[in-house]
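Subject: Structure handover

Hi,

Here is the structure I promised to pass on. Please open it first, then read the notes below.

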Amino acid sequence: MTFNIAIDGLTASGKTSIGYSLAKRLNFNFIDSGLFYRYLAYYNINSTNFNQHTYDNLINCSNLSAFYSLDISQKASELSKDKEIRTLINQEIKKLTKKKGFVVVG
Ligand SMILES: Nc1ncnc2c1ncn2[C@@H]1O[C@H](COP(=O)(O)OP(=O)(O)OP(=O)(O)O)[C@@H](O)[C@H]1O
Ligand SMILES: Nc1ccn([C@H]2C[C@H](O)[C@@H](COP(=O)(O)O)O2)c(=O)n1
């Protein structure tokens with residue numbers, strides 16, 4: 001695979017739904033960048049060591065119900081305003097998608 005596909009758009013415009021279906025149809029991997037913020041929020045709320053987790057297990061995940069509670073949504077929104085966290089997540093996604101063949105929604 002020589003390329004990735006990025007899908008952006010307004011909140012609740014269908015990025016995840018279409019991106020996930022597209023990835024399946026093309027046999028690409030799928031990444032929902034929002035899930036990365038929710039994942040960090042989960043660790044932040046549960047006070048688990050911030051640096052000891054891996055993002056690999058977020059590949060091909062969509063709408064993980066445990067990450068859509070109100071407290072995680074609020075924390076994810078708060079964390080997403082932090083420049084360092086945005087840089088960290090962007091770097092992680094760049095690393096994971098280096099191999100190409102990804103649909104990334106954000
Ligand atoms: N083509 C469609 N027609 C009607 N409803 C849709 C369509 N695509 C997605 N939806 C619904 O709209 C809602 C938002 O969809 P989705 O989560 O894919 O959007 P999103 O852009 O990824 O949202 P977010 O910005 O919150 O991550 C979901 O309830 C989904 O089932
Ligand atoms: N590229 C992104 C993706 C998401 N966010 C923010 C937006 C939300 O507050 C939070 C969770 O995203 P969602 O799962 O609702 O799409 O992360 C962002 O700032 N940048």
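Let me start in a loop. Ile59 sits in the loop that runs between H2 and H3. Ile59 has a relative accessible area of 24%. Buried means under 20% and exposed means over 50%, so Ile59 counts as partly exposed. Now look at Ile31. Along the chain, 28 residues separate Ile31 from Ile59. In space, their C-alpha atoms are 5.4 Å apart.

One caution before going on: this is a predicted model.

**The rest of that loop**

Two asparagines are worth a stop here. Asn46 belongs to the loop between helix H2 (33-45) and helix H3 (70-79). Its relative accessible area is 42%, which makes Asn46 partly exposed. What does the side chain of Asn46 lie 2.8 Å from? The partner is the backbone oxygen of Tyr42, and the atom on the Asn46 side is a polar one. Val104 gives a useful long view. Asn46 and Val104 are 58 residues apart along the chain, with 27 Å between their C-alpha atoms.

Asn63 is also in the loop between H2 and H3. Asn63 is not a glycine, yet its phi is positive, at about 50°. With a relative accessible area of 48%, Asn63 is partly exposed.

**Another positive phi**

Lys100 is a residue other than glycine with a positive phi, near 70°. Find Lys100 in the loop that joins helix H4 (83-96) to strand S3 (102-105). Lys100 is partly exposed, at 36% relative accessible area.

**Ligand 2**

Next, turn to ligand 2. The space it takes is the largest pocket. The residues around ligand 2 are Ser33, Gly34, Tyr37, Arg38, Tyr68, Ala76, Ser77, Ser80, Arg86 and Gly106. Which helix supplies the largest share of this shell? H2 does, with four residues. Both H2 and H3 supply at least two residues each. By class, the shell around ligand 2 holds three nonpolar, five polar and two charged residues.

Three side chains make polar contacts with ligand 2:

- Ser33 has a polar side-chain atom 3.0 Å from a nitrogen atom of ligand 2.
- Arg38 has a polar side-chain atom 2.7 Å from an oxygen atom of ligand 2.
- Arg86 has a polar side-chain atom 2.8 Å from an oxygen atom of ligand 2.

How much of ligand 2 does the protein bury? Taken alone, ligand 2 exposes 440 Å², and the protein buries 68% of that.

Two members of the shell deserve a closer look. Ser33 lies in helix H2. Is Ser33 buried or exposed? At 13% relative accessibility, Ser33 counts as buried, because the cut-off for buried is under 20%. Ala76 is also around ligand 2. Ser33 and Ala76 are 43 residues apart in sequence, and their C-alpha atoms are 11 Å apart.

Gly106 is the other one. Gly106 lies in the segment after S3. Its relative accessibility is 52%, so Gly106 counts as exposed, the cut-off being over 50%. From Gly106 to Phe3 is 103 residues along the chain. Their C-alpha atoms are separated by 17 Å.

**Ligand 1**

Now for ligand 1. Its surroundings are Leu10, Thr11, Ala12, Ser13, Gly14, Lys15, Thr16 and Ser17. By class, that shell has two nonpolar, five polar and one charged residues.

Which atoms lie by the oxygen atoms of ligand 1? Ala12 offers a backbone N or O atom, 3.1 Å from an oxygen atom of ligand 1. Thr16 offers a polar side-chain atom, and the distance to an oxygen atom of ligand 1 is 2.5 Å. Ser17 also offers a polar side-chain atom, 2.6 Å from an oxygen atom of ligand 1. Taken alone, ligand 1 exposes 630 Å². The protein buries 42% of that area.

**Where to look when you open it**

For the loop between H2 and H3, start from Ile59 and go on to Asn63. For ligand 2, start from Ser33, Arg38 and Arg86. For ligand 1, start from Ala12, Thr16 and Ser17.

Best wishes

How values were computed. Residues are numbered from 1 along each chain as its sequence is written. Chains are lettered from A and ligands numbered from 1 in the order in which they are written. This is a predicted model: local features need pLDDT of at least 70, side-chain atom pairs count only at pLDDT 80 or more; totals for chains, interfaces and linings use all residues. Side-chain values use heavy atoms; hydrogens and water are left out. Buried means under 20% relative accessible area, exposed over 50%, partly exposed in between (1.4 Å probe, protein chains only). A polar contact is a pair of N or O atoms within 3.5 Å; within protein, one must be able to donate a hydrogen and the other to accept it, and residues adjacent in sequence count only if both atoms are side-chain atoms. A residue is near a molecule or strand if one of its heavy atoms lies within 4 Å of it. Accessible areas come from the Shrake-Rupley method with a 1.4 Å probe; for residues, only the protein chains shown count as cover. On a 1 Å grid over the protein atoms alone, a cavity is a set of points where a 1.4 Å probe fits but cannot get out, and a pocket is an open set with protein on both sides within 12 Å along at least five of seven lines; lining residues have an atom within 4 Å of a point. A molecule sits in a cavity or pocket if more than half of its atoms lie within 2 Å of its grid points. Ala, Val, Leu, Ile, Met, Phe, Trp, Tyr, Cys and Pro count as nonpolar, Asp, Glu, Lys and Arg as charged, and the others, Gly among them, as polar.
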